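Open the structure in your viewer and get ready to select residues by number. We will walk through it stop by stop, and at each stop you will read what to pick and what is there.

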Amino acid sequence: MARVLITGVAGFIGSNLADRLLGEGHNVVGLDTLVHGVPEQVPKEVELRHGDIRSKEIYPFFQGIDFVFHLAAKNCIPDCQKDPVGTADINVTGTANIFDAARRAGVKKVVYAESAAMYEKIKTMPTPEDEVMPETFYGISKLCNHLFAKAYQQFYGLKTVGLRYFNVYGPRQDYRRTIPPVASAFIIKFLKGEQPIIFGDGTKRYDFIHVDDINDFHLLCIKDSRVDNRVFNLGTGKNYSILELYDIVARIMGSNLKPVHKPAPEDGAETSLADNRRAKEMGWLPKTNLEDGLRGMVDYVKNEFKKGNIK
Ligand SMILES: NC(=O)c1ccc[n+]([C@@H]2O[C@H](COP(=O)([O-])OP(=O)(O)OC[C@H]3O[C@@H](n4cnc5c(N)ncnc54)[C@H](O)[C@@H]3O)[C@@H](O)[C@H]2O)c1
């Protein structure tokens with residue numbers, strides 16, 4: 001049994017990870033400013049600490065911690081484009097501060113979020129060895145995290161694992177953000193009886209991966225030293241067009257509403273498809289089929305709608 005600290009614990013991936021770690025018998029300390037996080041979705045067994053990843057006041061929380069999962073970030077791409085300085089402050093300074101707090105406290109390993117957004121210019125299936133060429137401030141901030149991790153490995157011997165998540169979906173995904181994630185946006189419109197919006201013609205393809213599959217890899221990172229000081233793509237290796245995603249959500253919800261098409265934003269990703277062979281070599285396999293995963297997500301959003309949380 002380990003003592004694990006999660007930054008961004010009140011967010012989508014962090015709160016689901018907390019459930020999984022507790023289920024495995026670990027102690028979980030959670031850190032969040034609650035700027036976007038939802039305290040009600042943090043499991044009650046988590047020792048929740050209110051704090052900012054940029055602050056030195058959080059250092060005492062790292063005492064006695066075995067593993068850190070660093071997930072807190074400014075991560076809505078259009079918001080990051082409008083606020084490059086805020087993006088650098090939270091994502092770059094904040095991450096360096098987490099690495100520093102961890103190495104001072106003698107943490108065994110820091111698993112931190114990179115992103116498939118770092119591959120923005122790569123049109124073919126990217127491998128973790130590809131030279132990344134991000135185009136957005138968000139992607140650039142994640143590349144900086146990668147470089148800081150390498151420097152902390154080299155100069156302080158800190159063990160890190162960088163995870164390049166592709167398009168993660170599942171219950172508790174943040175539908176409140178400026179531009180809600182695509183599956184949440186469709187579900188919300190269907191629930192309201194309104195036509196969902198597709199930006200562009202809907203033919204762009206994305207690698208959607210369920211949060212449970214991401215968390216399977218997180219758990220593996222605790223147990224397996226082969227992952228140390230490496231970077232992994234976490235995607236399914238299969239992608240779906242937005243039109244295909246739309247059809248699946250419409251089928252689950254029993255709707256025949258047709259989508260409205262609007263012009264695609266210029267900073268939208270072209271396509272995504274993970275080369276996940278390196279992660280599979282660790283014995284990991286994404287298991288959730290898209291339709292099954294979306295059913296769980298529809299149930300979650302329906303429940304939020306019933307509770308009156310979605311206006
Ligand atoms: N969800 C995806 O599809 C996806 C894809 C690639 C990478 N990622 C990365 O995975 C990580 C987790 O993503 P998520 O979808 O769970 O995000 P989320 O927005 O749901 O959760 C992020 C959490 O971090 C907290 N936070 C923000 N700024 C903070 C600060 N300065 N100090 C402390 N807490 C702060 C927020 O309150 C929130 O609870 C992020 O680093 C994100 O960039 C996510």
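The tour below goes from the domains to the sheet, then to two loops and some aromatic rings. Keep in mind that this is a predicted model.

**Stop 1: the two domains**

Colour residues 3-167 and 208-234 in one colour, which gives you domain 1, and 169-207 and 238-306 in another, which gives you domain 2. These bounds come from an automatic or database domain assignment. How far apart are the C-alpha centres of the two domains? They lie 23 Å apart. Now look at where the colours meet: 38 residues of domain 1 are in contact with 37 residues of domain 2.

**Stop 2: the sheet**

Switch to a cartoon view and find the open sheet of seven strands, whose order is 3-2-1-4-5-6-11 with parallel pairing. Strands of a sheet pair through backbone hydrogen bonds, either parallel or antiparallel. Which strands are at the edges? Select 47-50 for strand 3 and 230-234 for strand 11: each of these edge strands pairs on one side only. Averaged over this sheet, neighbouring strands are turned by 20 degrees against each other, with direction ignored.

Next, select strand 1, residues 3-7. Four of its five residues are buried, so strand 1 is largely enclosed by the rest of the structure. Strand 1 runs parallel to strand 2, and five bridges join them. To see where they line up, pick Arg 3, which stands opposite Asn 27 in strand 2.

Move along to strand 2, residues 27-32, which is joined to strand 3 by four bridges, again in parallel. Here Val 29 stands opposite Glu 47 in strand 3.

**Stop 3: a helix across the strands**

Select residues 211-223 to show helix 6. Helix 6 lies across strands 1, 4, 5, 6 and 11, and runs at about 170 degrees to strand 6, residues 160-165.

**Stop 4: two residues with positive phi**

Most residues other than glycine have a negative phi. Two residues to select here are Leu 34, with phi near 65 degrees, and Asn 229, with phi of about 60 degrees. Leu 34 is in the loop between strand 2 and strand 3, while Asn 229 is in the loop between helix 6 and strand 11. Leu 34 counts as partly exposed because its relative accessibility is 29%. Asn 229 is partly exposed too, with a relative accessible area of 37%.

**Stop 5: the aromatic rings**

Show the side chains of the aromatic residues, where ten aromatic pairs are counted. Zoom in on Phe 186 and Tyr 246: their ring centres are 5.1 Å apart and their planes meet at 75 degrees, so the pair is edge-to-face. The cut-off for that label is over 60 degrees. This pair links distant parts of the chain, 60 residues apart, with Phe 186 in helix 5 (residues 182-192) and Tyr 246 in helix 7 (residues 242-253). Are these two rings' residues buried or exposed? Phe 186 is buried, at 1% relative accessible area, and Tyr 246 is buried as well, at 4%.

For the last selection, pick Phe 99, Tyr 112, Tyr 152 and Tyr 156, which ring pairs link into a cluster. Then add Arg 103: its charged end sits over the ring of Tyr 156, 3.9 Å from the ring centre.

Technical notes. Residues numbered from 1 in each chain as written. Predicted model: local features only at pLDDT ≥ 70, side-chain atom pairs only at ≥ 80, totals over all residues. Heavy atoms only, no water. Phe/Tyr/Trp six-rings, centres within 6.5 Å; stacked < 30°, edge-to-face > 60°. Helix = DSSP H or I, 4+ residues; strand = E, 2+ residues; numbered from the N terminus. Buried < 20%, exposed > 50% of the residue type's maximum accessible area, 1.4 Å probe, protein only. Lys NZ or Arg CZ within 6 Å of the ring centre and 35° of its normal. Pairing = 2+ DSSP bridges. Axes fitted to C-alpha atoms, helices over the stretch in contact; angles between N-to-C directions. Contact = heavy atoms within 4.5 Å.
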